[in-house]
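The following note is offered to a colleague who is meeting this structure for the first time. Its numbered points may be read alongside the sequence and the model.

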Amino acid sequence: MWRHILYWCVHILIWAGFWTFSQNSFFRNLFHMLLWLPVFILYSYPISYLAVPQLLLKGKFTSFVAVILCWGVAGWFINYLFRTYIFIPAQEALDLKNIAKGGWVPGSFLCMTTSAGATAILVLFKHWMIKQQQWMQSEREKATAELQLLKAQVHPHFLFNTLNNIYAFSLENSPKTPGLILKLSSLLSYILYDCKADEVLLEKETGIMKDYIDLEKERYGNKIEISWSVEGDIKDKHIAPLLMLPFLENAFKHGTSEQLDKPWLNVDIAVKQNTLRCKIANSKNEFVPNSSNGIGIENVKKRLAFLYPEKHELKMNDEGNFFVVSLLINLKNQRTTDIFSKNFLPVVENVAS
């Protein structure tokens, strides 16, 4: 109600000021607009709240045009009747000078039609804002659903390979099996509980990667040379879960495991000025391509596009006898709880309401 009152106050003030340039004083024109206000309201609202939502927004364009034309003719009669039987007598009763003449006057009809058009435009704008709000909400829900699906696809893919490793040790009755199961338990706890959050501590993510390397190292023994390096302050930094681990998994599965000579793996992680740099290089058979299109890798690419649009850089290079993955992520102000929905969407919701 207060929005409607404010709108009509502004409306009559604008018209009173407009007519001041051609006739009468501002206050005399303001008095005229106040007299005409009931006509403006009664003429505008049927178009805005009946014709627009029931015809125009439902695609009944022919009916809408016909109604507008008929309503325009009706406005002509309303204008004539109001001026003749209400507007002029009211001025005469107040004994005002320069009493307006009776009959139909283009100026008052212009005010009527402008009032109806302005309110109709506002209703259309409000309808558009609501539709935009609904569309953005649906896009957010779609993105969330896709992210959950992608994350769910990463987990089984990773667990499948890890369980295979432990299974191989159990067949040999290795005394290391309990320790490996304990590490796997830690990984499962991380995946089942910590990864439910949009972001996890970078320190914990790197710790899980180190556990994974330890699991794989037990399988290779002394046959593999592994270099692990973490530089910079990784504490109190957050990152979306399981973005780096699939590349590490890919390095073992398609790189070192396919190599006949002594394989090697280098993992360098560094954080500098809120920029995370992760470089994973692994040896490989020169004539066997290192797969960069597996399920896990493709999912990571999609998640990076969703979570860090224009805030990341991913390079994967096959150099023949070794493969290199270089990932840069700008962690500054990146909270994957959707910055857009927190800042812009509430404004849209307020306007639409």
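1. The model is a predicted one. A suitable place to begin is the hairpin formed by β6 and β7, in which 3 residues lie between the strands. Within this hairpin, Gly 320 adopts a positive phi near 95°.

2. The two strands of that hairpin are antiparallel, and 7 bridges pair β6 (residues 312-318) with β7. Two examples may be checked in the model: Lys 315 has Ser 326 of β7 as its bridge partner, and Glu 313 is matched with Leu 328 of β7.

3. Strand β7 also pairs with β5, again in the antiparallel sense, through 9 bridges. Here Cys 278 has Leu 327 of β7 as its bridge partner.

4. As to the chain as a whole, 10 helices and 7 strands are assigned. Of its 353 residues, 38% count as buried. Among contacts with a separation of 6 or more, 73% are made by residues 24 or more positions apart.

5. Which residues of the largest nonpolar core touch the most other members? They are Ile 239, Leu 248, Leu 276 and Ile 329, in a core of 45 residues. Two or more residues each are supplied by the helices α4 (106-171), α5 (177-192), α6 (202-220), α7 (245-254) and α8 (295-307), and by the strands β4 (264-272), β5 (275-283) and β7 (322-330). Helix α6 gives the largest share, 7 residues.

6. Leu 276 merits individual inspection. Apart from neighbours within four places in sequence, its contacts are Leu 202, Ile 239, Met 244, Ile 269, Ala 270, Val 271, Leu 327, Leu 328, Ile 329 and Leu 331. A second core, separate from the largest one, has 23 residues, including Ile 12, Trp 15, Trp 19 and Leu 55.

7. Helix α2 (residues 26-56) should be examined for its course. Although α2 has 31 residues, its end C-alpha atoms are only 37 Å apart, whereas a straight helix would reach 45 Å at 1.5 Å a residue. A kink of about 45° is found in α2 at Trp 36, shortly before the proline Pro 38.

8. Is Ile 14 of helix α1 (residues 2-20) buried or exposed? Ile 14 counts as exposed because its relative accessible area is 55%, and the cut-off for that class is over 50%. Its C-alpha atom is separated by 9.3 Å from that of Leu 30, which is 16 residues away along the chain.

9. The cysteines call for a brief remark. How many disulfides does a search of the whole structure find? The search returns 0. Cys 70 has 55% relative accessibility and is therefore classed as exposed, while Cys 9, at 38%, is classed as partly exposed.

Technical notes:
Residues are numbered from 1 along each chain as its sequence is written. This is a predicted model: local features need pLDDT of at least 70, side-chain atom pairs count only at pLDDT 80 or more; totals for chains, interfaces and linings use all residues. Side-chain values use heavy atoms; hydrogens and water are left out. A nonpolar core is a set of buried Ala, Val, Leu, Ile, Met, Phe, Trp, Tyr and Cys residues joined through side-chain atoms within 4.5 Å. Buried means under 20% relative accessible area, exposed over 50%, partly exposed in between (1.4 Å probe, protein chains only). Helices (H or I, at least four residues) and strands (E, at least two) are DSSP runs, numbered from the N terminus. Contact means heavy atoms within 4.5 Å. Two strands pair if DSSP finds at least two bridges between them. The expected span of a helix is 1.5 Å times one less than its number of residues. The bend at a residue is the angle between axes fitted to the seven residues ending there and the seven starting there. A disulfide is a pair of cysteine sulfur atoms within 2.5 Å.
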